[in-house]
Every structure is written in structure tokens, then in C-alpha cells.
Amino acid sequence: MIPVNEPLLNGNEKKYLIECIDSGWISSEGPFVLEFEKRFSEFVGRKHGVAVANGTVAIDAVIQALDISAGDEVIIPSFTIISCVNAIIRAGAIPVPIDCDLSTWNMDVTQIERMITKKTKAIMVVHIYGLPVDMDPVLQLVEKYKLLLIEDAAEAHGQTYKGQACGSFGDVSTFSFYPNKLITTGEGGMVVTNSDDIANRCRKIRNLCFVPEKRFVHEELGSNYRMTNLQAALGVAQLERVNEFIELKRLMGQTYFELLKDIPDIQLPLNVTPYAQNLFWVYGIVLGDEREEDALNIMQRLAKEGVGTRPFFWPIHEQPVLRRLGLFKNLDCPNAMRIATKGFYIPSGLALTREQQIVVSEVLHSVLSA
Ligand SMILES: *Cc1c(COP(=O)(O)O)cnc(C)c1O
């Protein structure tokens, strides 16, 4: 079986983990956490980095830190992961999904303005599958309507928009370090920002909102979102190789393009847009209109031939748990629905070899011509 993702852990990962064990620093108190925060925030070009347990709670902490609360509306892409909306819903605020663009799979930024109301407090952008959102129109809207900008850059480590790092656009931005992300800490995430206030609030929320002067007396509710020294040790080792990883992903994307471009009636990821070169965080395929089968059928047949895949995101406006709350009653996002039913991604982890890519291509050719 060729797995859909396998990380590369053959740098200093083992050495730094042994340092943690030998020194006894295995909790969130430990030198690698500060080191990772410092180096990663520098990598993104931000003043602060707040390391947390995963990318989902990074967003949770941000929603709480920005005081997004009952009655507020937050504009989000429909084509994204549920992590983006959990905290918005729990805060009693309303997520407002925007359909995606059919060629980039990112939020269609031309549809945002008509969804802005007096209640809109923030726009959350999510760079999808390694290609950035078209940020200039979003930045104009944020300025015009005085909105907060939240940027989920979990799929865009090392990516840039017109030369500026993804993760440096938001008032606050978040990352994940899950094993399929460009760099991994096993589980892990980070909030990055230039705002002292937002960084301090996230640090408090991450650590149960302890008050330094009065330990175990709390003025606010926080949680335990801390990252361990073990995770951060992995993060420091991974970050040492980030430029190599970026090159590997780009090469992998080019190789897949060359191998798959002759398959009729499928859509491959864009190689370039006017504002970015794709990083191919994962390599997605969308079946064309002439094909009757859905992604699920094709994925099952690929699995039988030993090729691992994952489906595309299921759109937020179609999530049963959110529909049951009475949300999105008259909302239609046909593009997000289309790619959700017709899209899947193929093996694209950093440990994937060229030989494996050739096998994936052979299997795809045979399954998609049958
Ligand atoms: C992976 C991911 C997350 C969630 O990160 P976890 O570390 O798995 O909790 C959030 N947003 C996006 C866009 C992601 O791809």
C-alpha cells in the first residue's frame, strides 16, 4: 500500500527527543517550546509565536482572544475543515460560508462583500491545499469595513502571496503541525501575530488563564492547550529542513503534473496563479463532468490497487451538526459541493518517492480509463 501521507523524520528529530528524555523536560516547561516559538515566528516574519497542542485549538484560542461572541458573524470559506468553525459556534457566533472558486478551490473572494452585514466582525481566510487565497481583495474589504482578519495557514507553511509569507497577513494567523502538514510535531499548532495584546491573551487562554500573582485564582476561563517540549523538539528539527521540504513538495507536484496531464477529463491543481506558485501541500484531483462516478467510487478502486487517498473536505454549509442548529437554511455553495463529491487527493507526503509516484500514476491511468 502506498500511504496517502508519510512524514520525513530523519533529521535531528531523534537527537532532540533524546535530549528531552535525558534532561527530564517533557512537559510544556522546557527549552524547545520557546526555541520553536521563536524560530517559527521568525520564519513567518511575525513578532510572536504561541505554541499550542494542535491547529484546531490554535483557532479556538484565537476566537476567544478576539472576543468573538454571541451575535457576531464571521465570514469563512465553505470548503474547509470543521476546525475553523467549532469555536465560532461554541461562542454563539455565526459562521457565514462563502463558496469556492472552481480552479483554485479557495474561497471566491468576489462573493465576500455581499455577505458583509453590520454584525460581521471578522473574515477568516484559509489557504487551501498549498495555494494561497487571493489576499488583496480581502485586505481591501477588511480595511473598508474595519473587520478583523484571521488567517488559517495550516496548509501553507512556507507559501507566499506576492512574495509575502502566508501566516503574516492576519491580525492573527494559525498553523497546524499534524503529521501530514509541511512540518510536523506529531500533534501541534501555533498562533502567530504582531499584536502584543493578542499574543498575551492566547498565552493566558492556553494555560487555564492563571493569574501570575494569585496562582489557582481565576478571573477568566481558559483551557489547557499547551504544547509539550517533546513536540517542540520535533518542531525545531523539522524547521531546520523546511526549505528542503518546500522544494520536495514543488518537485513532487511537477512530477505528478507530467505523469497525469494526459488523463482525459480530470482537473489537476493549478501550477501557478498571478500571485503564487503552488506548493502542492496535497495533490488534489477533481473528476470532470463527463465522468459518472463520484470520487468515493474511484477512491475505493484505487485502494484495491494499493493507492491510499483522502476525500476532499465536506463543505461547512452541508455539515449535519450545523444544519441541525438551523444554520445555512437557504445557502447554496454549488462549487464547494461539486469538488467535495468529485475531488480526492493522492499520496503526497514528504517521504513519497518518485518510484511510488510512477506506480500511483500507472494505477490512476488504469482505474480512470476503465
Ligand atoms: C489540519 C488543519 C487544521 C487542524 O489542525 P489539527 O492540528 O489537525 O487540529 C485546521 N485548519 C486547516 C486548514 C487544516 O488543514
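## Briefing: ligand site, Q231 and selected residues

A polar side-chain atom of Q231 lies 2.7 Å from the backbone nitrogen of T228. The model is predicted. The ligand sits in the largest pocket. The protein buries 91% of the 380 Å² that the ligand exposes when taken alone. The points below start with Q231, turn to the ligand, and then cover backbone angles and single residues.

**Q231 and its contacts**

- Q231 belongs to helix α7, which covers residues 229-239.
- The relative accessible area of Q231 is 13%. Buried means under 20%, so Q231 counts as buried.
- The side chain of Q231 also reaches the backbone oxygen of E187, at 2.4 Å.
- Q231 thus has side-chain contacts to a backbone nitrogen, that of T228, and to a backbone oxygen, that of E187.

**The ligand and its surroundings**

- Which residues surround the ligand? They are N54, G55, T56, I81, S83, V126, D152, A154, E155, S176, K181 and G188.
- This shell divides into 3 nonpolar, 6 polar and 3 charged residues.
- D152 places a polar side-chain atom 2.6 Å from a nitrogen atom of the ligand.
- E155 places a polar side-chain atom 2.6 Å from an oxygen atom of the ligand.
- G55 takes part through its backbone: a polar backbone atom lies 2.7 Å from an oxygen atom of the ligand.
- How much of the ligand does the protein bury? Of the 380 Å² exposed by the ligand alone, 91% is buried by the protein.
- The pocket that holds the ligand is the largest pocket.

**Positive phi outside glycine**

- W105 is not a glycine, yet its phi is positive, near 70°.
- Where does W105 lie? W105 is in the loop between β3 (94-98) and β4 (120-126).
- Is W105 buried or exposed? With a relative accessibility of 4%, W105 counts as buried.
- F280 is another residue that is not a glycine but has a positive phi, about 50°.
- F280 is placed in the loop between β12 (276-277) and β13 (283-287).
- The relative accessible area of F280 is 2%, so F280 is buried.

**Strand β12 and the N-terminal segment**

- A276 is located in strand β12.
- Relative accessibility is 8% at A276, and therefore A276 counts as buried.
- A276 and I128 are 148 residues apart along the chain, and their C-alpha atoms are separated by 13 Å.
- N12 lies in the segment before α1, and that helix spans 13-23.
- Is N12 buried or partly exposed? At 26% relative accessibility, N12 falls in the partly exposed class.
- How far apart are N12 and D265 in space? Their C-alpha atoms are 44 Å apart, with their positions 253 residues apart in sequence.

**Buried residues in helices α8 and α11**

- V242 is in helix α8, made up of residues 242-260.
- V242 counts as buried because its relative accessibility is 4%.
- V242 and G158 are 84 residues apart in sequence, and their C-alpha atoms are 7.6 Å apart in space.
- I339 is part of helix α11, residues 334-342.
- I339 has 0% relative accessibility, so I339 counts as buried.
- Between I339 and F312 the C-alpha to C-alpha distance is 7.2 Å, and in sequence they are 27 residues apart.

Technical notes
Residues are numbered from 1 along each chain as its sequence is written. This is a predicted model: local features need pLDDT of at least 70, side-chain atom pairs count only at pLDDT 80 or more; totals for chains, interfaces and linings use all residues. Side-chain values use heavy atoms; hydrogens and water are left out. A residue is near a molecule or strand if one of its heavy atoms lies within 4 Å of it. A polar contact is a pair of N or O atoms within 3.5 Å; within protein, one must be able to donate a hydrogen and the other to accept it, and residues adjacent in sequence count only if both atoms are side-chain atoms. Accessible areas come from the Shrake-Rupley method with a 1.4 Å probe; for residues, only the protein chains shown count as cover. On a 1 Å grid over the protein atoms alone, a cavity is a set of points where a 1.4 Å probe fits but cannot get out, and a pocket is an open set with protein on both sides within 12 Å along at least five of seven lines; lining residues have an atom within 4 Å of a point. A molecule sits in a cavity or pocket if more than half of its atoms lie within 2 Å of its grid points. Ala, Val, Leu, Ile, Met, Phe, Trp, Tyr, Cys and Pro count as nonpolar, Asp, Glu, Lys and Arg as charged, and the others, Gly among them, as polar. Helices (H or I, at least four residues) and strands (E, at least two) are DSSP runs, numbered from the N terminus. Buried means under 20% relative accessible area, exposed over 50%, partly exposed in between (1.4 Å probe, protein chains only).
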